[in-house]
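Consider how the two chains of this predicted model are arranged, and then how one of them is built. The text below takes symmetry, interface, confidence and domains in turn.

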2 protein chains.
Amino acid sequence: MGAGTGLLRGDMTPVAFTPYRQLLKRTREIALLTSSASMLTWDLETYAPAEAVNFRAEQLAYLGGAAHRKFTSGKVGDLIAQCEQHGFPADSAEAANVREWRRSYDRATKVPPRLVEKMERTRTHAREAWKRAREQSKFRLFQPHLQKVLGLSRQFAECWGFQESVYDALLEGYEPGAKTRELRALFAELRPALGAVLGPAREKSAALPENFLRGHYPVAAQQAFNRQVAAAIGFDFAAGRIDTTTHPFCETLGPRDCRLTTRYDESNFAQSLYGVLHEAGHGLYEQGLPGEQFGRPLGTAVSLGIHESQSRLWENHVGRDAVFWQHWHPVACEHLPDLRRFTPEQIHAGVNRVAPSFIRVEADQVTYDLHIMLRFELEVALVEGRLKVADVPARWNEEFEKLTGLKVTRDADGCLQDIHWSIGLLGYFPTYTLGNLNAAQLMHRARQERENLAAELARGEYGGLLGWLRARVHAHGSRYRPQELMTQATGEPTRSRHHLDYLRQKFVN
Amino acid sequence: MGAGTGLLRGDMTPVAFTPYRQLLKRTREIALLTSSASMLTWDLETYAPAEAVNFRAEQLAYLGGAAHRKFTSGKVGDLIAQCEQHGFPADSAEAANVREWRRSYDRATKVPPRLVEKMERTRTHAREAWKRAREQSKFRLFQPHLQKVLGLSRQFAECWGFQESVYDALLEGYEPGAKTRELRALFAELRPALGAVLGPAREKSAALPENFLRGHYPVAAQQAFNRQVAAAIGFDFAAGRIDTTTHPFCETLGPRDCRLTTRYDESNFAQSLYGVLHEAGHGLYEQGLPGEQFGRPLGTAVSLGIHESQSRLWENHVGRDAVFWQHWHPVACEHLPDLRRFTPEQIHAGVNRVAPSFIRVEADQVTYDLHIMLRFELEVALVEGRLKVADVPARWNEEFEKLTGLKVTRDADGCLQDIHWSIGLLGYFPTYTLGNLNAAQLMHRARQERENLAAELARGEYGGLLGWLRARVHAHGSRYRPQELMTQATGEPTRSRHHLDYLRQKFVN
């Protein structure tokens with residue numbers, strides 16, 4: 001995809017159709033506003049002094065409101081309709097942008113502003129209530145807020161519309177085209193198979209103590225090592241950086257400005273390293289999007305399930321692979337001398353220890369998706385009206401024990417652990433598992449297509465893999481729907497078998 | 001001044017006059033835009049990756065343009081006119097806001113947009129040309145650009161209007177109410193008097209080698225010490241922070257968010273410390289402005305000459321005073337053990353060494369204003385058409401030698417050293433000297449009014465001095481014109497004698 005695809009055709013003449021050009025101009029302005037808001041958010045998470053927050057919230061509301069009004073105006077609706085009538089060639093960049101503008105415009109305008117505002121206010125209070133509830137491990141403090149968020153989410157879903165399940169309308173916001181029925185089928189396949197991997201995997205890890213790799217790893221040395229690894233996999237520090245936050249994230253501030261964060265524990269180097277590999281995976285996707293399409297669908301990641309596939313691929317398929325430590329061991333020991341106590345094989349075993357635990361974000365690769373299935377089932381039941389909010393803790397604890405054998409004794413370790421519901425993100429969780437499945441499937445295909453890939457990875461050469469992902473995933477932005485993209489890249493839509501094959505080979509054989 | 005002065009009267013009823021309320025709303029929106037732009041600028045100077053710059057420039061142009069259009073619309077002009085006709089009481093907050101809105105509105109609307117755009121483009125090129133010219137020390141590379149900047153500045157001045165000197169119109173942008181004739185009189189007094197101080201001051205410093213205090217001062221230890229000093233003088237870290245940049249600055253991002261920067265040299269602790277004291281002086285002014293008036297004239301610093309008085313006061317009158325090192329010596333030695341080689345008196349002597357040198361920003365307290373006088377005379381002559389751009393280097397070198405006895409052999413050490421002209425800041429330089437004079441005058445008055453001030457400063461107690469400055473300067477924002485403010489605070493407009501008395505007492509006696 002050459003520079004300026006959106007504006008210039010193959011013959012280098014700009015797209016002449018005025019309504020399309022007007023949409024490019026309008027969406028550029030919106031991108032300037034929303035990316036400025038991203039800057040303000042990034043600073044709030046990283047460096048802003050404590051008392052900056054109130055005015056910052058006012059700035060964010062103002063910029064967000066201005067961007068929203070610019071996009072939801074009737075004028076934009078008219079321009080999109082004119083582009084649709086004009087009819088760009090089906091496989092053109094223009095057609096893809098118009099298709100996605102339509103999708104976003106409809107979702108943004110079908111919900112009445114007073115409902116949007118109500119959700120905003122509800123989220124703010126629900127988030128605070130959730131924080132307190134988690135601190136005190138008391139679900140009842142959060143219960144009325146979850147009830148409100150759920151009610152509003154259902155109203156949003158009714159506005160957006162759906163065919164089979166009301167949950168489909170929520171899913172669409174995170175994973176365009178995904179359907180509850182299909183996810184349920186995928187998960188039904190996955191669940192028993194994961195259970196079958198878990199037994200042998202636990203046994204393999206049984207000899208390892210819980211904090212096997214504990215040591216003294218100074219922050220500055222971790223930073224230097226992480227940076228070297230991130231640069232080696234292709235993260236471009238001329239167009240990005242890594243800072244420190246309690247909750248790691250990846251935030252894009254512009255076409256050549258991608259910000260990652262991680263957190264440090266001086267006794268546990270793996271936390272920051274795998275945090276960086278995960279976020280750098282997101283960052284490589286963002287840095288690989290066509291910059292000249294920034295702010296347009298073609299310059300935007302296609303879905304959370306695809307985004308998460310990139311982070312999981314680099315974190316797990318690259319970073320938690322045996323050859324990773326064979327290659328990086330000497331470099332890591334130079335930065336972090338306490339690692340000299342371990343062989344590459346021991347480090348590999350330590351960072352792949354499997355043992356069910358309560359907290360999703362600390363879960364190993366085998367049990368992780370069990371956490372997601374639990375949330376998915378509860379969410380669908382809540383949204384479809386088959387589960388009462390008051391019954392969430394009991395149902396959670398019951399299902400969690402069935403999945404992992406562990407008894408939840410504190411809601412803070414159970415249904416209160418994640419922020420998502422408090423900020424209205426119902427429908428978001430399943431994209432984490434889609435990410436795992438997509439990662440394995442993409443990696444499987446990359447290994448098939450690049451004969452030398454295993455040898456390259458063993459030598460710490462990541463350019464071949466990155467180039468493949470750039471061409472198959474990153475360069476397309478939202479040109480194709482997520483499942484079209486997966487099919488083009490791997491020959492089939494998202495399946496569970498590649499992930500299961502990968503887990504079996506790694507943890508059972 | 002209580003909370004909400006702008007909106008609430010003494011009887012706590014909001015100002016009912018609708019046009020005034022509309023102006024408050026409009027200027028709030030403008031403040032949200034311009035403060036967001038400040039955030040983007042701060043990041044660009046501190047943390048942004050190299051390649052972020054192009055898109056960032058586009059964001060800044062967009063936000064700046066939006067703010068400019070919102071302020072210069074005919075609607076705003078009508079609202080101001082209605083407020084003027086309405087006639088708020090002369091000493092009210094509302095009257096002061098309206099007076100300053102009028103001043104800004106007229107300056108912003110009298111210049112045709114195409115001239116503003118032309119200046120923007122010219123500045124961008126001139127700045128690049130200046131960088132190259134300075135690197136190569138070749139004035140002729142910069143000469144055509146300075147010619148253009150000068151021509152445009154004259155056109156701006158003609159648009160704004162003036163009575164005596166065309167230079168007055170430029171001055172007004174940095175120091176409202178200042179007149180070329182008055183500055184010339186002030187400087188005429190100052191110049192021979194400074195010359196008379198310079199001889200004895202040089203002699204006093206003659207025994208000190210140039211890098212008398214050189215040592216090993218690790219950056220982290222400098223940061224810890226600087227932070228402790230900044231907190232002690234009253235800089236509020238809950239509403240501000242200190243970062244690192246090549247060119248130190250103070251930037252306000254919101255009513256409770258003030259960002260300082262400094263730079264570090266591990267052999268020279270004084271660079272970062274006095275950088276922090278200087279910028280924290282600016283920061284204390286910003287943090288002392290009434291936050292509920294943020295973005296309005298009453299919440300905005302009144303002039304550069306007053307702003308600079310705050311930075312100079314804390315940097316020089318506090319930080320370069322003998323009692324400063326008597327108090328801070330033990331603390332400094334704990335952070336920076338290499339300082340144990342020196343007595344407090346030696347450190348004091350070292351940071352007050354007087355010796356003429358080529359570079360303004362490195363100049364000592366006695367010769368500093370000679371640098372400013374040179375620039376002022378050249379600027380006025382250029383703007384009034386009495387000096388040709390081509391003759392700048394020769395005139396500079398001739399005058400500099402008269403002032404300091406030093407022969408400039410490279411333009412990079414002479415007329416190319418400062419960025420100001422390249423970015424169109426003609427009329428800015430004299431405010432540095434006004435800052436020095438105002439600082440000495442305010443400090444003189446504070447000592448008169450607070451009997452215990454000397455004792456407090458000797459004990460490292462700065463709350464009394466800060467409280468005095470808060471009440472006399474900071475709290476007023478732009479309620480009074482700069483010279484009204486000085487007269488209210490000190491009993492007279494800006495004079496040279498307090499600064500001269502201070503220098504004589506410090507460097508001659």
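A turn of 179° with a shift of 0.0 Å along the axis lays chain B on chain A, with an RMSD of 0.1 Å. This is the relation of a two-fold axis. In general, two copies of a chain are related by a rotation about an axis and a shift along it.

The interface can be read with that relation in mind. The contact joins 29 residues of chain B to 29 residues of chain A. On the side of chain B that touches chain A, the elements giving two or more residues are the helices α1 (18-46) and α2 (53-72) and the strands β1 (240-244) and β2 (250-254), each of chain B. Of these, α1(B) gives the most, with 7 residues. By residue class, the side of chain B that touches chain A divides into 16 nonpolar, 5 polar and 8 charged residues. Do the copies meet through the same surface or through different ones? Because 100% of the interface residues of chain B are also interface residues in chain A, the copies meet through the same surface.

What confidence does the predictor attach to the complex and to its chains? For the complex, the predictor gives an ipTM of 0.93 and a pTM of 0.93. Within chain A, the mean pLDDT is 95, and 97% of the residues reach 70 or more. Residues 1-12 of chain A are a stretch where pLDDT stays under 50. For this stretch of chain A the model has 20 contacts beyond four places in sequence.

The inside of a single chain comes next. The domain assignment divides out domain 1 (1-110) and domain 2 (219-354 + 448-480) in chain A; domain 2 of chain A is thus given as two segments of the sequence. Taken over C-alpha atoms, the centres of domain 1 and domain 2 of chain A are separated by 28 Å. Their contact takes 21 residues from domain 1 of chain A and 19 residues from domain 2 of chain A.

Which elements supply the side of domain 1 of chain A that touches domain 2 of chain A? At least two residues each come from α1 (18-46) and α4 (93-110) of chain A. The largest share of that side of domain 1, 11 residues, comes from α1(A). The residues of the side of domain 1 of chain A that touches domain 2 of chain A divide into 9 nonpolar, 9 polar and 3 charged.

Notes. Residues numbered from 1 in each chain as written. Chains lettered and ligands numbered in written order. Predicted model: local features only at pLDDT ≥ 70, side-chain atom pairs only at ≥ 80, totals over all residues. Least-squares fit on C-alpha atoms with pLDDT ≥ 70 in both. Contact = placed C-beta atoms within 7 Å. Helix = DSSP H or I, 4+ residues; strand = E, 2+ residues; numbered from the N terminus. Nonpolar A, V, L, I, M, F, W, Y, C, P; charged D, E, K, R; others polar. pLDDT = per-residue confidence, 0-100. Domains from an automatic or database assignment.
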